[in-house]
Amino acid sequence: MKKVFNYLFIIILIMGVLYIINNNDNIKENNNDINILNTAESNQDDVIYFAKGMNKEDYLSAINYKTQIINKKKEYQKILYNFDQYLDYKELENIYYNLNNSNIVNLEIIGKSVDNRNIYSIVIGKGNKTIMFEAGNHAAEFANPLFITKFIIDLVNNYEAEDKDIINLLNNYKIVVLPVVNPDGYNTLITGVNTIKNKDLFIYKNRNLIDFNYYKGNLNGVDLNRNMPSQNSGLHFKRYNLLNTVVLKPSINKMEYYAGKYLGNEPETKALIFWHNKYYQNIFAYITLHSSGRVIYSSKPNLSDELNDLSNKCAQIVNNITGYRILGSDYEEVGEGNDGTTTDFITELLSGYNFSKITGRLSYHKYDKKINKLKYKVCVINIETLESYTNDLNIIKNEYYDYNLEKVFMDLIKQY
Ligand SMILES: [Zn+2]
C-alpha cells in the first residue's frame with residue numbers, strides 16, 4: 001500500500017513540474033528576448049472579434065525564421081535605372097543581387113510569398129544609426145518599390161564611385177529596406193495574371209472578376225496591411241459599428257479590406273513580423289510607402305503623445321519638401337475594424353506591447369486606454385505618394401523628380 005502512495009506521489013510531482021513548465025508567463029526562446037504574455041486586456045467584453053488571433057507557436061516561429069544570407073558573387077557593376085521601363089519581380093531581384101555585390105550592401109531572404117517568391121531585406125551601410133523603409137505592400141501601389149529601388153541604386157552607385165559624402169553617410173547609418181512586401185501582387189500588376197505560378201490560388205481563380213489596376217491584396221485575397229496581429233486588428237469596439245469597407249471573406253473589390261481568417265497567417269505577414277522584431281529596438285525612424293493622395297499619416301490616437309510628436313516631426317520633413325498634406329488624428333480610426341497595419345504593429349512594439357497568447361495579438365492592459373510613453377524613441381510615418389493609382393511610368397517618374405523623393409528619403413535619414 002505504501003509503495004502505491006510513493007508511485008502516486010512521484011506521478012503527481014511530475015505532473016506538477018510539467019504544469020509549471022507549460023504555464024510559464026515569460027518564456028524566452030532562442031536568442032530573442034521575447035516575452036509572451038499569459039494575460040489579456042481587462043475589458044474584453046467591450047470588443048467583438050471578427051478575425052482569430054495568431055497562435056503563439058506561429059508567432060515564435062515567424063520571429064525565429066532562419067533567413068538566407070545571399071553571398072557576394074562578383075564585382076559590383078554600376079546599375080542604370082531611370083523609370084524608363086517596367087521592372088518585373090525577377091528584374092528587381094537581379095538588381096538586388098547586383099547591389100549585394102557591393103561591400104556596403106547585405107541582402108537577406110526573410111520569407112516567401114504565397115506563390116513562392118522570395119521576400120528580401122536589403123541592408124545598406126555599416127553605421128549604428130538605423131532607419132527602416134517598407135514598400136510594396138499593396139499590389140497596385142507598385143510605384144513605391146520603384147522609388148525606393150531607384151534611391152538605393154543611386155546610393156550604392158555613388159558609394160562605389162567613391163563619393164565622399166555617401167561613404168561618410170553609409171559609415172554612420174544603416175538603411176534597412178524591405179522593397180516589396182507583396183512580390184506576387186507586384187509581379188501580377190506588372191506582368192499579368194498568367195505569371196501566377198499556382199493556378200489554384202484565390203486570385204487566379206477569380207481573375208476575370210478583378211480590376212487589377214486597383215487590386216491591393218496578396219494572392220489569397222488578404223489585405224496584408226490588415227493582417228498584422230496588432231492589438232486592435234480583427235476586432236471592433238462595441239460602441240462602433242464595423243466599417244462597411246471591412247469584409248469577412250477574401251475580397252476582389254477595390255474598396256474592401258479582408259484581414260484574413262487568422263491574423264498573421266499569411267507568409268508575407270510572417271516575414272514582416274520577423275523583420276520588425278529583428279530591427280525595432282535599434283531604429284530611429286520607420287517609413288512605409290503607399291500610394292494615393294499625396295498625404296502623410298503620422299498619428300496613432302491610441303498611443304502616446306511622445307510617439308505622435310516624434311512622428312509629426314518626421315512628417316514635417318516630408319511636407320517641407322513635397323507639400324504632401326499631413327493628416328492628423330481625425331483621419332485615424334481605432335477600433336472600427338480597420339486596424340492591423342504594419343505601422344499599427346511596429347508602433348505597439350515600440351510602445352512596449354507584448355504578444356498575448358490569449359488574444360493572439362499584441363497586448364496592453366486595456367483596448368482603448370491611451371498609453372502614455374514610448375519604450376523606444378522612434379518616428380513612424382506612412383507616406384502616400386502620387387495623386388492616385390497609376391501604371392503610367394511617366395507619371396511615376398515625374399513624381400520622383402517633381403516631388404524630390406530622393407531628398408525626402410535622404411533628409412529622413414539625416415535627421416538623426
Ligand atoms: Zn496602400
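This briefing covers one helix pair and two sheets. The model is predicted. Helices α9 and α12 pack against each other. One open sheet has nine strands, and another open sheet has three.

**The helix pair α9 and α12**
- Two packed helices are described by the angle between their axes and the distance between the axes.
- Helix α9 spans residues 305-322 and helix α12 spans residues 405-414.
- Their axes lie 9 Å apart, at an angle of about 155 degrees.
- Angles over 145 degrees count as roughly antiparallel, so α9 and α12 are roughly antiparallel to each other.
- The crossing of α9 past α12 is right-handed.
- From α9, the contact takes in Cys314, Ile317, Val318, Ile321 and Thr322. From α12, Leu405, Lys407, Val408, Asp411 and Leu412 meet them.
- Seven of these contact residues are nonpolar, one is polar and two are charged.

**The nine-strand sheet**
- The strand order is β3-β4-β5-β7-β6-β11-β16-β12-β13, and the pairing is mixed.
- β3 (68-69) and β13 (325-327) are the edge strands, each pairing on one side only.
- β3 runs antiparallel to β4 (residues 105-112), joined by two bridges.
- Isoleucine 69 stands opposite glutamate 108 in β4.
- Helix α10 (residues 342-350) packs on this sheet and touches β6 (129-134), β11 (283-290) and β16 (379-384).
- The directions of α10 and β11 make about 170 degrees.

**The three-strand sheet**
- Here the order is β1-β14-β15, again with mixed pairing.
- β1 (36-37) and β15 (361-363) form the edges, and each pairs on one side only.
- β14 (residues 354-356) pairs with β15 in the antiparallel sense over three bridges.
- Serine 356 has arginine 361 in β15 as its bridge partner.

Terms used:
Residues are numbered from 1 along each chain as its sequence is written. This is a predicted model: local features need pLDDT of at least 70, side-chain atom pairs count only at pLDDT 80 or more; totals for chains, interfaces and linings use all residues. Side-chain values use heavy atoms; hydrogens and water are left out. Axes are lines fitted to C-alpha atoms, for helices over the stretch in contact, and angles run from 0 to 180 degrees between N-to-C directions. Helices (H or I, at least four residues) and strands (E, at least two) are DSSP runs, numbered from the N terminus. Angles under 35 degrees count as roughly parallel, over 145 as roughly antiparallel, 65 to 115 as roughly perpendicular and the rest as oblique. A crossing is left-handed if the near helix is turned anticlockwise from the far one by less than a right angle, and right-handed if clockwise. Contact means heavy atoms within 4.5 Å. Ala, Val, Leu, Ile, Met, Phe, Trp, Tyr, Cys and Pro count as nonpolar, Asp, Glu, Lys and Arg as charged, and the others, Gly among them, as polar. Two strands pair if DSSP finds at least two bridges between them.
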